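Colleague: Could you take a close look at one salt-bridge network in this model and follow its members out into their surroundings?

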Amino acid sequence: MKITSAFIALAALIGAGVDAQANCQSNVVRKEIRSLSPTEWNRVTSVVRNMSNSGWLGWFAHIHNQYFGVIHGNEFFFPWHRRFIRDFESIAQSVDRGF
């Protein structure tokens, strides 16, 4: 049952990303967290605090915990986490477009 749920979740995540990739105009470059300036760090903490207060951080934690055993340690690890991080960033950018 766990594997079936994971396949369904993965298929939904990958399927939802197909159109977005077709319209991609540029690559996202992420900064190493240890190289953030104090201003950038304050932005990150503010966005994460806002996401926590609005329930999004708990939702992402729940999804990650729900699929932890199914996704980790196999070929689904990288594609699942790429989409997971992109969804997290998308919500964070809805809080602060500069995120």
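Modeller: Arg86 is a good place to begin, because with a relative accessible area of 32% this residue is partly exposed (buried is under 20%, exposed over 50% and partly exposed in between, for a 1.4 Å probe and protein chains only). The model is a predicted one, in which local features need pLDDT of at least 70 and side-chain atom pairs count only at pLDDT 80 or more, while totals for chains, interfaces and linings use all residues. Residues are numbered from 1 along each chain as its sequence is written, and side-chain values use heavy atoms, with hydrogens and water left out.

The side chain of Arg86 meets that of Glu89 in a salt bridge, at 3.4 Å from N to O (a side-chain nitrogen of Lys or Arg within 4 Å of a carboxyl oxygen of Asp or Glu). Both residues belong to helix α4, where they sit 3 residues apart, about one turn of the helix; α4 covers residues 77-95 (helices are DSSP runs of H or I, at least four residues, numbered from the N terminus).

Glu89 also forms a salt bridge with the side chain of Arg30, here at 2.4 Å from N to O. Since Arg30 lies in the loop between α1 (2-22) and α2 (38-53) whereas Glu89 lies in helix α4, this pair ties together parts that are 59 residues apart in sequence. The two partners sit in unlike surroundings, as Glu89 is buried at 10% relative accessibility, while Arg30 is partly exposed at 48%. Through shared partners, the salt bridges join Arg30, Arg86 and Glu89 into one network. Leaving aside residues up to four places away in sequence, Glu89 touches Arg30 and Phe99 (contact means heavy atoms within 4.5 Å).

Helix α4, which carries Glu89, also packs with α3 (residues 56-71), at an angle of about 180° and with the axes 12 Å apart. On the α3 side this contact is made by Trp56, Leu57, Phe60, Ile63, His64, Tyr67 and Ile71, and on the α4 side by Phe77, Trp80, His81, Phe84, Asp87, Phe88 and Ile91.

The whole structure holds 6 salt bridges. Another of them joins the side chains of Lys31 and Glu40, at 2.9 Å from N to O; here Lys31 is partly exposed at 48% relative accessibility, and Glu40 is partly exposed at 28%.

Note on methods:
Helix = DSSP H or I, 4+ residues; strand = E, 2+ residues; numbered from the N terminus. Axes fitted to C-alpha atoms, helices over the stretch in contact; angles between N-to-C directions.
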